[in-house]
Every structure is written in structure tokens, then in C-alpha cells.
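Student: I am new to this structure. Please show me how to read it, one feature at a time.

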Amino acid sequence: MIRSSQKIYELIGYPISMDQSIRNRFYIGDNISSFTFYIRGPKGLMSVELAGSSIDQKTLAKLSDIQATATPPNSTEIAVKDTPQKKVVDPRSFVVCDEKTLDLVEKKRKENADLSKEQIPDDTIFWKLDYLYTDLSDGFRIILHPIDETTKNETSGPKRLTLQDLFNEQKERMRAYGVVGDKPKPQSEEEFEELRKYRQNQMYDKMANSRFYMLLVGAAVGMSAFIIYSKRRRTNLIGTVFYETVLHKVRQDEFVVKNFGRNVRFAKVMRGGQIEDIAEFEVDIFGKSTGVLKVKGFQDKKTKQWKLEEAKVSIKDNTGKIKQEHKIV
């Protein structure tokens with residue numbers, strides 16, 4: 001009914017779909033159910049309110065027999081004025097069949113059974129739509145049932161007794177609402193263009209969402225890489241207190257004074273450095289001889305003081321090979 005209403009298309013556009021919202025409310029009882037949900041179109045959002053009641057086939061059959069024997073409206077009998085009249089329940093207003101019986105109809109059709117000889121089970125539940133209307137945010141309401149044109153002829157037709165009657169009735173109703181048919185209803189150029197724009201906007205929305213999440217993932221990866229780099233990056237120790245303390249200790253060593261002289265020089269370039277609280281580096285030294293100084297140390301986490309763990313001087317020959325080593329610490 002909703003999709004067959006031109007008024008709804010004019011207000012919220014085409015196509016329409018059910019909106020997934022926490023505001024949707026559903027109450028499902030034994031004989032009465034009500035629903036409140038929202039539908040969305042390219043032009044906006046609209047709420048839907050509907051309610052229905054149910055009854056089984058056995059009770060419907062009894063109501064049909066009672067209605068058949070009742071006095072017709074055009075009878076010549078005159079009703080007594082001010083006599084209280086009971087509200088008559090029309091059996092034909094219960095038109096929505098339960099899924100179990102519809103599955104039974106499909107099963108019988110696949111078995112090529114004669115549906116006209118198959119009675120509708122007594123426990124079959126039929127639902128009647130009590131009301132159905134839609135509301136816009138500004139208070140504009142469209143009432144689709146019971147006064148919508150597509151529902152005027154719902155209660156007309158022969159008595160429903162067999163599965164064939166049920167199948168014919170359901171097929172006719174679905175065709176009347178534009179759900180099924182031998183040929184689909186062709187779209188107009190306006191509907192086709194609006195649908196194309198709607199799908200294009202949906203595609204852009206998906207792309208925007210994808211890019212947003214990609215941006216979040218990229219930012220998270222970047223922050224993680226920055227944190228790891230900050231912790232694991234190598235720091236040059238030249239000019240620090242720890243470095244100058246090591247050089248002073250090396251200059252005072254007798255082995256260094258004997259082989260390199262008192263004017264020993266150290267290269268301005270360091271191989272290695274500090275990673276977190278561990279220091280490990282090499283520095284070339286020059287004097288009477290050439291060599292390399294290798295240092296290892298660590299920083300105490302509590303006092304933040306550096307401790308020299310190992311200092312070793314190596315002397316190189318003219319070919320650059322190490323010919324002698326001396327351990328200072």
C-alpha cells in the first residue's frame with residue numbers, strides 16, 4: 001500500500017526503503033499487533049503507523065455462515081429506531097494469510113495438486129489491517145487505510161474455502177498493489193532519473209563512509225608508527241654528558257696514551273647511538289695510530305643515571321684490519 005501511494009512518492013521521492021532506527025517500535029500480541037517505523041526517500045523521512053488484528057479460519061467460516069443468513073441491507077424490513085446494533089465483523093476484511101498456509105499452497109502447487117479440492121486448514125490465521133497512515137514531521141498525514149482507494153474492494157469476492165480460493169485472492173491483491181504481475185510496471189523517465197540520482201547519492205555516501213574509515217585507519221596506523229618510532233628511534237649521543245665522560249676516561253687510559261698519544265682525537269661521526277635506555281656506539285679515534293672505540297652502556301630507569309658497561313679500544317693497521325684490542329672497562 002505504501003509503495004502504491006503516489007502521494008508518498010511526491011513527498012519523499014522514489015524509491016523508498018525502511019529506515020533502520022532505534023525509534024522503530026513493534027508490539028506483537030496473540031490477536032492484535034501494532035507497528036511504528038520510518039521510511040526514507042531521497043527527499044526526506046516519514047513515519048508509518050499501522051495496526052492489525054487476527055482470527056483463525058474456523059471462526060471466519062462461522063462468521064461467513066452467519067453473514068450469509070443475515071438480513072441484507074436492501075431488505076424491506078424496517079429496523080426499530082434507537083435499537084442497539086452489534087458491530088458486524090466482515091470476514092472478507094481478514095485478507096493477510098499466515099506464512100505457514102502460504103508455504104502449504106506453494107508446496108501443493110509444486111506437487112501439481114488440485115488446490116480447489118484442498119480445504120484451508122482450520123488453524124490458519126488471517127490478519128485484518130485496522131489502520132495504516134503516514135506522518136511527516138510538520139504534521140501532514142496520509143491515511144492509506146481504511147479509506148485508500150486500493151482497499152475499497154478488499155472485502156468483495158466469493159467465499160474463501162479452498163487453497164485455490166486463497167491463491168487467487170492473494171494473487172489478485174498483490175497485483176492490485178503492484179507487487180507482482182505478469183509484466184512489471186514500466187518506469188517513467190522521471191522515476192528512472194530520480195532512481196539514478198538516488199543510487200548515485202548512495203554510492204557517494206558509501207564512498208564517503210569508506211574514505212572516512214580509511215582516514216581513521218590511516219591516522220591510527222600513523223600514530224602507532226610515530227609512537228613506535230619515538231620509542232625505538234636511534235639518538236646521537238655526541239655532546240652528551242655520558243659521551244664526554246667516556247671520552248675523558250679513554251684519554252686517561254695508559255694504553256691509549258702510549259699508542260695514540262695525549263693529543264688523541266675522536267671523529268665527529270658516531271656509528272650507533274641510544275635506543276630507549278640502552279647505548280651502543282662506535283667512534284673512530286686518531287693519533288699516533290688509528291683505531292676505533294666501542295662503547296656499551298645503559299641508563300638506570302629509577303635514577304636516570306648512565307652507567308658504562310663496556311669500553312674497548314682497537315688499533316688498526318695500514319690495511320684497516322684490527323691488530324690489537326684493549327678493554328678499558
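Student: How many helices and strands does the protein have?

Tutor: Helices and strands here are DSSP runs (H or I, at least four residues, for helices; E, at least two, for strands), numbered from the N terminus. The protein has 7 helices and 13 strands. This is a predicted model, in which local features need pLDDT of at least 70 and side-chain atom pairs count only at pLDDT 80 or more, while totals for chains, interfaces and linings use all residues. Residues are numbered from 1 along each chain as its sequence is written, and side-chain values use heavy atoms, with hydrogens and water left out.

Student: What share of the residues is buried?

Tutor: Buried means under 20% relative accessible area, exposed means over 50%, and partly exposed lies in between (1.4 Å probe, protein chains only). Of the 329 residues in the protein, 31% are buried.

Student: Which residues of α3 are buried, and which are exposed?

Tutor: Start with the length of the helix. The expected span is 1.5 Å times one less than the number of residues. Helix α3 covers residues 99–110, so its 12 residues should span 16 Å; the end C-alpha atoms are 17 Å apart, which agrees. Its buried residues are T101, V105 and K108. Seen down the axis, they fall within an arc of 70 degrees, so they line one face of the helix. The arc is taken from the directions from the helix axis to the C-beta atoms. On the other side of α3, E99, K100, K107 and K110 are exposed.

Student: What is the phi of N112, just after α3?

Tutor: N112 has a positive phi of about 55 degrees, although it is not a glycine. It is found in the loop between α3 and β6. N112 counts as exposed, at 70% relative accessibility. Now look at K304, in the loop between β11 (290–299) and β12 (306–316). Phi of K304 is near 60 degrees, a positive value in a residue other than glycine. K304 counts as exposed, at 54% relative accessibility.

Student: How is a pair of aromatic rings described?

Tutor: By the distance of the centres and the angle of the planes. Rings of Phe, Tyr and Trp (its six-membered ring) pair if their centres lie within 6.5 Å; planes under 30 degrees apart count as stacked, over 60 as edge-to-face and the rest as tilted. By this rule there are 5 aromatic pairs. One of them joins Y131 and Y133: the ring centres are 5.7 Å apart and the planes at 25 degrees, so the pair is stacked. Y131 is partly exposed, at 33%, and Y133 is buried, at 18%. The rings of F242 and W306 have centres 5.0 Å apart and planes at 25 degrees, so this pair is stacked. It links distant parts of the chain: F242 is in helix α6 (residues 241–251) and W306 in strand β12, 64 residues apart. F242 is buried at 8% relative accessibility, and W306 is partly exposed at 23%.

Student: Which side chain does D284 join in a polar contact?

Tutor: A polar contact is a pair of N or O atoms within 3.5 Å; within protein, one must be able to donate a hydrogen and the other to accept it, and residues adjacent in sequence count only if both atoms are side-chain atoms. D284 sits in strand β10 (residues 278–286). Its side chain joins that of R271 in a polar contact of 2.9 Å.
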